[in-house]
Each structure stands twice: as structure tokens, then as C-alpha cells.
Amino acid sequence: MSSADDVRVELLRELRSSAQLQHLWVMQAWQDEPGLHPAAGMLLSDLAKHGEARPSELAKRRLVDLSVISRQLAQLQTAGLIDRRPAPEDGRASLISVSAKGEAELARWRARYLEFFQTALGGWDEGRLADLTERLADLNADLRATLGAPDQCTMGK
């Protein structure tokens, strides 16, 4: 195997490790959120970032089945974190948006995320963080293009 191949394999290992660590942190952080699965919280963040949407649009953007989105929306609605209204062009369809309570919860969650990253990456300067963010955005754009995934399948706000 060539050196370039070794570097690519190591990149995949580091990405997998990063995903596993992110999952671990999310599961730990969400232990105090009764009744909500972390994925429902990520869906709420997606709604806040991209604005009001139909459930089918959310499923497409999140790369999941509509039934998954329906379960997550039910959790968010029970918690009072979203609002639903009939779509003007088709009253059978719903448009989903973040409620005032949902905005407040997102602000609280954002503060927890920032606190975690400040603790974990407090020794990093802004330039280093910006460089990593830019490189990851480029990586994700290339991966999305190769996979034929939608341009906006982001999770954070």
C-alpha cells in the first residue's frame, strides 16, 4: 500500500474515532433530557437553522425515512418544542417550525455544547479552530457530492 493510501486509511480511522467520541458525548449530555432522543434534538436544531419545513423535506434533508421523522416530531411536539400549521397549498400537509419554548431549549443546549468544546478545546486558538472547521466543511462537501447526498444534511446550529 502506498503512503497516500496509508494517510487516507488513517483519516478514516480518525473520522470514525471522532464520530464515536461525539456519540459518547451526546449520549452523556442527553441523559438529563427525559423523553427526548438526541436525534429529536438534532432535528429541532435543523429546523431552527433551515426554517419551517414539511416532514417529508426534513426526512430528505436528514437522510432518514419519513417514519423516523414522524417519531421525532411526536417527541418534540409532546415536549412543546415545535409548532405545526397546515400547509397553505395543501391543508393535509403540515409545516413544522420551532416554538418559542423550542428556541429557549436550543439556546440552553447550545450553551452546554459550547461549554463542552471550551473545556475540550480551550487550548486551541481561533485560527486553529477555524482551519479545522474549514477543512471539515470541505471534506463533508466532497463526501456529499460523491455520495449524491443533499447539500444540507447538517445537524448543528
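A salt bridge is taken here as a side-chain nitrogen of Lys or Arg within 4 Å of a carboxyl oxygen of Asp or Glu. The model is predicted, so that local features need pLDDT of at least 70 and side-chain atom pairs count only at pLDDT 80 or more, while totals for chains, interfaces and linings use all residues. Residues are numbered from 1 along each chain as its sequence is written, and side-chain values use heavy atoms, with hydrogens and water left out.

**Exercise 1.** Determine which residue pairs with Glu-89 in a salt bridge, and where the two partners lie.

*Solution.* Glu-89 forms a salt bridge with Arg-54, with 2.2 Å between the closest N and O atoms. Glu-89 belongs to the loop between strand S1 (82-87) and strand S2 (90-98), and Arg-54 to the loop between helix H2 (38-50) and helix H3 (55-62), so the pair ties together parts that are 35 residues apart in sequence. Helices (H or I, at least four residues) and strands (E, at least two) are DSSP runs, numbered from the N terminus. With a relative accessible area of 57%, Glu-89 is exposed, where exposed means over 50%, buried under 20%, and partly exposed in between (1.4 Å probe, protein chains only).

**Exercise 2.** Describe the salt bridges of Glu-10 and of Arg-135 in relation to their helices.

*Solution.* The partner of Glu-10 is Arg-13, the closest N and O atoms being 3.3 Å apart; both lie in helix H1 (residues 3-29), 3 residues apart, or about one turn of the helix. Glu-10 is partly exposed at 35% relative accessibility, and Arg-13 is partly exposed at 45%. Arg-135 pairs with Asp-131, with 3.0 Å between the closest N and O atoms, and these residues, 4 apart in helix H6 (residues 126-147), are separated by about one helical turn. An α-helix has 3.6 residues a turn, so residues three or four places apart point the same way. By the salt-bridge rule, the count comes to 7.

**Exercise 3.** Work out which residues of H4 are buried and what covers them.

*Solution.* The buried residues include Ile-69, Gln-72, Leu-73 and Leu-76. They cover an arc of only 105° around the axis (the arc of the directions from the helix axis to the C-beta atoms), which puts them on the same side of H4. On the other side of H4, Arg-71 and Thr-78 are exposed. What covers the buried residues includes H2, H3, S1 and S2, where contact means heavy atoms within 4.5 Å. Just after H4, Gly-80 takes a positive phi of about 75°.
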